[in-house]
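Dear colleague,

I am handing over the structure we spoke about, and below it you will find my notes on what was found. Please read them with the coordinates open.

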Amino acid sequence: MHSAAPRLPRTLNLGILAHIDAGKTSLTERLLHAAGVIDEVGRVDDGNTQTDSLALERRRGITIKSAVVSFAVDGTTVNLIDTPGHPDFIAEVERVLSVLDGAVLVVSAVEGVQAQTRVLLRTLRRLRIPTLIFVNKTDRRGARHEGVLRHIAERLTPDVVPMGTVSGLGTREARFAPFTAGNAGPGGFTARLTELLAGHDDALLAAYVDDPASLSYDRLRTELARQTRRALVHPVFFGSAATGVGVRELTDGIRELLPAVAGDAEGPVSGSVFKVERGAAGEKIAYVRMFAGTVRTRDRLDIGDGRGGAAREGKVTGIGVFEAGTDVPRAEVRAGQIGKLRGLGDVRIGDVLGVPREGVEYGARFFAPPTLETVVTPLRAADRGALHLALTQLAEQDPLIGLRQDAVRQEVSVSLYGEVQKEVVQATLAEDFRLDVSFRETTTICVERVVGTGAAHEIIDKDPNPFLATVGLRVEPAPVGAGVEFRLGVELGSMPYAFFRAVEETVRETLHQGIHGWRIPDCTVTMTHCGYWPRQSHAHGTFDKSMSSTAGDFRNLTPLVLMDALRAAGTAVHEPMHRFRLDVPADTVGAVLPVLSRLRAVPHTPTTNGASYHLEGDIPAQQVHALEQQLPGLTRGEGELESAFDHYEPVRGGAVPTRARTDHDPLHRKDYLLRVVRRTSGGDPLRPPAADGSGPAAARGPR
């Protein structure tokens, strides 16, 4: 007689997402209270919630960092990940999406769908993450039921179905009554549910046409769960995190409709790092979602980027697993669970532990990149080194924060999503690193695009080339989003592979600063010429790099050739554009339209809805803040604006924006050669290789 196989524990990794002030953190508190994890519900205003643990979060009353808590539902461990709602911290949301089994999207019954709500659900649907919608704040004055449902269907997706009715709307007595087999009725909910589900399933549609009575309520609920888990439809629950109304029904929906997983704990280790923080001693702590296998203390793990890059090795020295509201020390973390791993000093956000998962596009970006940047300056000059180290650590924890180190001016630029994020960076540097800093005015990050085809080359030992390398490059445009492609137009065996690699790596690095100083994200670069001098030495002597090509020769020459090719091809500066949605009283349109024109906004065909005027269009990202400031005065405070990054467009009219270079400036040959020789030779900087042809022999000495 065989004993039954042990039942593997099931886990649901659940994200709570929303626009700012929709009530995500309050809902998290209520779910933990309903599950018996906490005895008292914390309040954001009081600064005593479970997930907003940073002092800055408690003081400002907003979520800045994602946090994990857990509770149990009928034997399933739910790891609940609370994420920021403010768009400035979208990077925290991005890294969480790759580890979710399901999500709850919170919408305010008062404010309705916001710009951030639309961005979030659009991304959740694209990633096929099963999502429930919870309409919060039904107890607040101004709360709506039918209006919010209509808003959701129009602005988010028509594939939604309300799971009950609301009474006492806008009062503390607001109640949510879920639909059941007894109160669904032949029309209403049942009809809406049947229509919605049949639109995604041909067999169900045929059964509905042939014999509608055959579609029992139980069958519809089963099909609802199946389609919800496939992210085809989104059940909508109503309630209030403040009073607890609707939370039990939402919990039932989480248990019934979202996919809990067991995972293969015996298979090869496969995990994804979605968060990195530092402990009290400065050590790295990696938050890992385990998809397969089991990691134990003292295990040695392969750490990679999932894209075929070189793997590193790390040894796990400690493990915490999330259980009963917090993380507890454990000897192992298994498939399906989220763990905190210590000892992996070289780990980064986005890393893969063990074996990459099939079909996953590692390194993919789900949201738009930052479009703003600012220079961070320490108030004390002696803090420059400490500031760079601190910012590097912050960038480790937020991979969408880009740092630009300007060695020439001894400055660091930080890319940002908005002004609130800048305030948080400033406060974090002061509180965690004891660094007082100031910021320069925030500027917009543009990109450059190649507009034609250009080529250039320099031949070894021929003026004006001072380096022992031949490099020829052709630059061509590439479609938006294609990235940088490096091709060989010469034989791979015509010189050592290390020299080809040096050229490609330098091309990619140099393209971070185009003709006008902006990054060139998309183009094709083909190597058309190559040549080198083999390894040589004097008689009875050792290797002499003054008569032998090195990778350094190719790295130093490539920027000069690439910039000449880019000059020949031409580049155009493109600025980030936001897609805006504007609702204003009809009698204020005459005042709004001239302002939009002055801000270089391009409105599309307007529509009217009663006394409201609706405009959609495009506006330069740098003008959004000005529109936000002027709108209340133009519309008596009644105007509503949504905006989000959409695309880049060529800069039109006025001076072309430029960005100060942080490299050795290969656009100016003489200065570039001075800097390169000073950096690489260690010799007399007053005797650089000449740019006029007199230099190769003088620079290299006898050969």
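A residue is called buried when its relative accessible area is under 20%, exposed when that area is over 50%, and partly exposed in between. On that footing, buried residues account for 51% of the 703 residues in the protein chain. Please keep in mind throughout that this is a predicted model.

Overall picture

The protein chain contains 17 helices and 34 strands, and its accessible surface amounts to about 31800 Å², with 50% of that surface belonging to carbon and sulfur atoms. If one takes the contacts between residues at least 6 apart in sequence, 73% of them join residues at least 24 apart.

Salt bridges

A search of the whole structure gives 40 salt bridges, and I describe a few of them here. In one of them the side chains of Arg669 and Glu458 meet, with an N to O distance of 2.9 Å; this pair links distant parts of the chain, since Arg669 belongs to helix α16 (residues 669–680) and Glu458 to strand β26 (residues 454–458), 211 residues apart. Both partners, Arg669 and Glu458, are buried.

A salt bridge also joins Asp618 to Arg579, where the closest N and O atoms are 2.5 Å apart. Here too distant parts of the chain are linked, with Asp618 in strand β33 (residues 612–620) and Arg579 in strand β30 (residues 571–585), 39 residues apart. Are the two partners buried or partly exposed? Asp618 counts as buried because its relative accessibility is 8%, whereas Arg579, at 32%, counts as partly exposed.

Arg652 and Glu649 provide a further example, their side chains meeting in a salt bridge with an N to O distance of 3.3 Å; Arg652 is exposed, its relative accessible area being 54%. Finally, a network of salt bridges links Asp74, Arg248, Glu249, Asp252 and Arg255.

Aromatic pairs

The structure holds six aromatic pairs. Among them is the pair of Phe499 and Phe554, which is stacked, with 4.7 Å from centre to centre and 25° between the planes. This pair links distant parts of the chain, as Phe499 lies in helix α12 (residues 497–510) and Phe554 in helix α13 (residues 551–569), 55 residues apart. Phe499 is buried, with a relative accessible area of 9%, and Phe554 counts as buried as well, at 0% relative accessibility.

Phe645 and Tyr648, by contrast, form an edge-to-face pair, with 5.2 Å from centre to centre and 65° between the planes. These residues fall on opposite sides of the 20% cut-off for burial: Phe645 is partly exposed because its relative accessibility is 22%, while Tyr648, with a relative accessible area of 18%, is therefore buried. Elsewhere, ring pairs link Phe274, Tyr287 and Phe322 into a cluster.

Thr243 and its surroundings

Where in the fold does Thr243 sit? Thr243 is found in the loop between β9 (234–238) and α9 (247–257), and its relative accessibility of 26% makes it partly exposed. Leaving aside residues up to four places away in sequence, Thr243 touches Arg30, Asp139 and Arg172. One of these, Arg30, is 213 residues from Thr243 in sequence, yet the two C-alpha atoms are 8.7 Å apart in space. Within the loop region itself, a polar atom of the Thr243 side chain lies 3.4 Å from the backbone nitrogen of Val245.

A nonpolar surface patch

Leu205, Tyr208 and Val209 make a nonpolar surface patch of about 280 Å². Tyr208, one of these three residues, lies in helix α7 (residues 202–210) and is partly exposed, with a relative accessible area of 39%.

When you go through the model, you might begin with the buried salt-bridge pair of Arg669 and Glu458 and then turn to the stacked rings of Phe499 and Phe554, as both pairs link distant parts of the chain.

With best wishes

Key
Residues are numbered from 1 along each chain as its sequence is written. This is a predicted model: local features need pLDDT of at least 70, side-chain atom pairs count only at pLDDT 80 or more; totals for chains, interfaces and linings use all residues. Side-chain values use heavy atoms; hydrogens and water are left out. Patches are made of residues with over 30% relative accessible area and no salt bridge: like charges are joined within 9 Å, nonpolar side chains (Val, Leu, Ile, Met, Phe, Trp, Tyr) within 5 Å. Accessible areas come from the Shrake-Rupley method with a 1.4 Å probe; for residues, only the protein chains shown count as cover. A salt bridge is a side-chain nitrogen of Lys or Arg within 4 Å of a carboxyl oxygen of Asp or Glu. Helices (H or I, at least four residues) and strands (E, at least two) are DSSP runs, numbered from the N terminus. Buried means under 20% relative accessible area, exposed over 50%, partly exposed in between (1.4 Å probe, protein chains only). Contact means heavy atoms within 4.5 Å. A polar contact is a pair of N or O atoms within 3.5 Å; within protein, one must be able to donate a hydrogen and the other to accept it, and residues adjacent in sequence count only if both atoms are side-chain atoms. Rings of Phe, Tyr and Trp (its six-membered ring) pair if their centres lie within 6.5 Å; planes under 30 degrees apart count as stacked, over 60 as edge-to-face and the rest as tilted.
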